[in-house]
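Dear colleague,

I am passing this structure on to you, together with some notes on what came out of going through it. Please read the notes with the coordinates open beside them.

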Amino acid sequence: MKRRWKIIGTLGLVAVIGGALVVVSGVIPVKASSGHWEITRWFLNFTKERSVATHSTGIKVPDLEDRALIIKGAGHYETGCRVCHGKPDSVRPRLVSLMTPQPPDLQKIVPQREPQELFYVVKHGIKMTGMPAWPELKRDDEIWPVVAFLLQYSELDLAEYDELVWGEHQKQSDQSIDSAEGTSLPVPHLVIEECAGCHGVDGQGRGLGVFPRLAGQNEAYLRVSLEAYHHDNRLSGTMEVIASRMNQKEIQEISRYYSRLPPFPSKENQNGEASSNRDSEAEVASFERGAEIAAEGIADQDVPACADCHSTTRKPFKNAYPTLIGQYQDYLALQIKLFQNRNRGGSKSANLMHAAVDGLKPDQIRDVSYYYSVLPDKE
Ligand code: HEC
Ligand code: HEC
Ligand code: HEC
């Protein structure tokens with residue numbers, strides 16, 4: 001018995017030393033040009049399948065049917081994923097086909113995956129394959145829209161894909177636009193190429209609360225926000241990737257451009273249509289509760305008056321403080337929650353917002369966001 005163990009031990013040792021010698025000798029090819037051996041491919045795939053299945057168990061899947069969510073995810077896919085995974089009916093960049101493993105065509109892969117598995121892979125990436133992790137691990141709320149989009153993706157043709165990503169913008173080729181002062185403003189090239197799909201050439205955010213309105217926003221605030229994304233001081237997997245490609249001159253030019261556009265006419269509601277039910281009882285009550293929080297704060301919850309820092313006209317109190325007037329309710333509410341959870345960041349003044357909103361309860365966040373989103377322009 002003892003002797004048998006000795007033999008097994010010796011054989012094991014020989015295998016380990018032999019394996020180490022093979023690695024040290026450098027004969028194992030790491031070249032991507034030859035692809036994987038069949039056995040290696042099988043082994044890596046099996047490991048991936050098991051790992052993703054185990055680690056995604058128990059992840060709770062939210063409602064992913066909302067069209068605004070799907071459009072938000074489509075926008076990110078175009079800026080952050082298309083370069084490797086391609087889009088429907090289109091040829092992928094040649095360089096990508098030289099990767100080992102190659103980024104798969106997700107139209108074929110997605111139907112085999114559960115939403116929670118997609119979430120896990122998009123959030124964490126896959127080691128040693130080139131599949132990157134999400135830039136901000138704290139922003140699950142940005143990853144679910146990508147999953148919502150992927151679930152629709154396998155059914156899309158190119159026209160439907162472009163419609164989701166670019167909306168109205170794909171039909172537009174405006175080279176100039178009217179500024180708030182009525183003068184004609186040339187549209188910067190980068191706006192057409194990089195921003196328009198989500199924020200619109202007109203800066204109205206495509207009429208969806210998932211993309212903030214930039215038109216008429218304070219120029220200094222737009223600039224510090226883009227700088228914050230650029231330096232990873234404001235956490236957003238979508239905007240960090242975009243702003244990291246911008247240089248200082250582009251940041252200045254585009255902040256100036258959007259700030260000069262006519263702000264949202266505040267009589268419209270979130271869908272960009274004239275608000276017909278603005279006067280519904282529930283909304284009037286919500287508006288009034290919001291107005292009170294904005295003007296006076298809530299003393300026994302340590303919430304100061306928002307009006308101390310956020311002007312009710314378009315003129316900011318301080319250089320880089322944002323205007324909230326006419327901004328989408330859903331966007332405002334999301335940002336307040338991000339401040340509360342310390343997941344937002346921003347300029348050097350951003351921490352002022354923590355003390356200001358920490359005491360707000362969820363329904364109060366809805367009320368004050370609603371108030372600002374429909375507040376008539378007092379300019
Ligand atoms: C730099 C190239 C690159 C980028 C950018 C990229 N991926 Fe990937 N992705 C890959 C590669 C390579 C794989 C293959 C990994 C493997 O075979 O194990 C992959 C695998 C995947 C898979 C898993 C497929 C499976 O086996 O089930 C999903 C899902 C995925 N990517 C989604 C995305 C999404 C969504 C984005 C954008 C947020 C993205 N990828 C961005 C390279 C990329
Ligand atoms: C894929 C969609 C997408 C594209 C493309 C995009 N953005 Fe954004 N942008 C967003 C989203 C989503 C947010 C909100 C992010 C957050 O939660 O912080 C945002 C936020 C911003 C903000 C902060 C607004 C505020 O009120 O705080 C600025 C400024 C901005 N984007 C500018 C730009 C510019 C300039 C471009 C083009 C160079 C651009 N974005 C391209 C989706 C996009
Ligand atoms: C002491 C000044 C101060 C007070 C009081 C204050 N804020 Fe702010 N708020 C700021 C500053 C500064 C920013 C910009 C942070 C950054 O991104 O750098 C901001 C940003 C915001 C944003 C994000 C806007 C965007 O476009 O992303 C929202 C929403 C907001 N505040 C809501 C509120 C509400 C609601 C209240 C009242 C409960 C409030 N603020 C009170 C200073 C203040």
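In which loop is the place of aspartate 302? Before the answer, a caution: this is a predicted model, and everything below should be read with that in mind. Aspartate 302 sits in the loop that runs between helix 13 (281-296) and helix 14 (329-340). Its phi is near 60°, a positive value in a residue other than glycine, and with a relative accessibility of 65% aspartate 302 counts as exposed, since the cut-off for that class is over 50%.

A second residue with this kind of backbone angle is methionine 128, whose phi is near 55°, again positive although the residue is not glycine. Methionine 128 belongs to the loop between helix 6 and helix 7, and at 82% relative accessibility it is counted as exposed.

That loop also brings us to the metal site. The iron atom of ligand 1 has two protein donors, His85 through NE2 and Met131 through SD, which lie 2.0 to 2.2 Å from the iron atom. Histidine 85 is part of helix 4 (residues 82-85), whereas methionine 131 is in the loop between helix 6 (115-124) and helix 7 (140-153), so that the pair ties together parts lying 46 residues apart in sequence. Around the iron atom of ligand 1 there are 6 donor atoms, and because the angles they subtend run from 86 to 179°, the arrangement is octahedral. The two protein donors can also be described by their accessibility: histidine 85 is buried, at 12% relative accessibility, while methionine 131, with a relative accessible area of 23%, is partly exposed.

Elsewhere in the backbone, the peptide bond that leads from threonine 100 to proline 101 is cis, its omega being near -5°. Proline 101 is located in the loop between helix 4 and helix 5 (106-109).

Finally, there is a feature of the surface to look at. Val22, Val23, Val27 and Ile28 together make a nonpolar surface patch of about 360 Å². One of these residues, valine 27, is placed in the loop between helix 1 (2-25) and helix 2 (38-56), and its relative accessible area of 61% makes valine 27 exposed.

With best regards

How values were computed
Residues are numbered from 1 along each chain as its sequence is written. Chains are lettered from A and ligands numbered from 1 in the order in which they are written. This is a predicted model: local features need pLDDT of at least 70, side-chain atom pairs count only at pLDDT 80 or more; totals for chains, interfaces and linings use all residues. Side-chain values use heavy atoms; hydrogens and water are left out. Donors are N, O and S atoms within 2.8 Å of the metal (3.2 Å for Na, K and Ca); water is not among the atoms, so sites may look incomplete. Four donors count as tetrahedral if all angles lie between 85 and 135 degrees; four count as square planar and six as octahedral if opposite donors are over 155 degrees apart and all others between 65 and 115; anything else is irregular. Helices (H or I, at least four residues) and strands (E, at least two) are DSSP runs, numbered from the N terminus. Buried means under 20% relative accessible area, exposed over 50%, partly exposed in between (1.4 Å probe, protein chains only). Patches are made of residues with over 30% relative accessible area and no salt bridge: like charges are joined within 9 Å, nonpolar side chains (Val, Leu, Ile, Met, Phe, Trp, Tyr) within 5 Å. Accessible areas come from the Shrake-Rupley method with a 1.4 Å probe; for residues, only the protein chains shown count as cover. A salt bridge is a side-chain nitrogen of Lys or Arg within 4 Å of a carboxyl oxygen of Asp or Glu.
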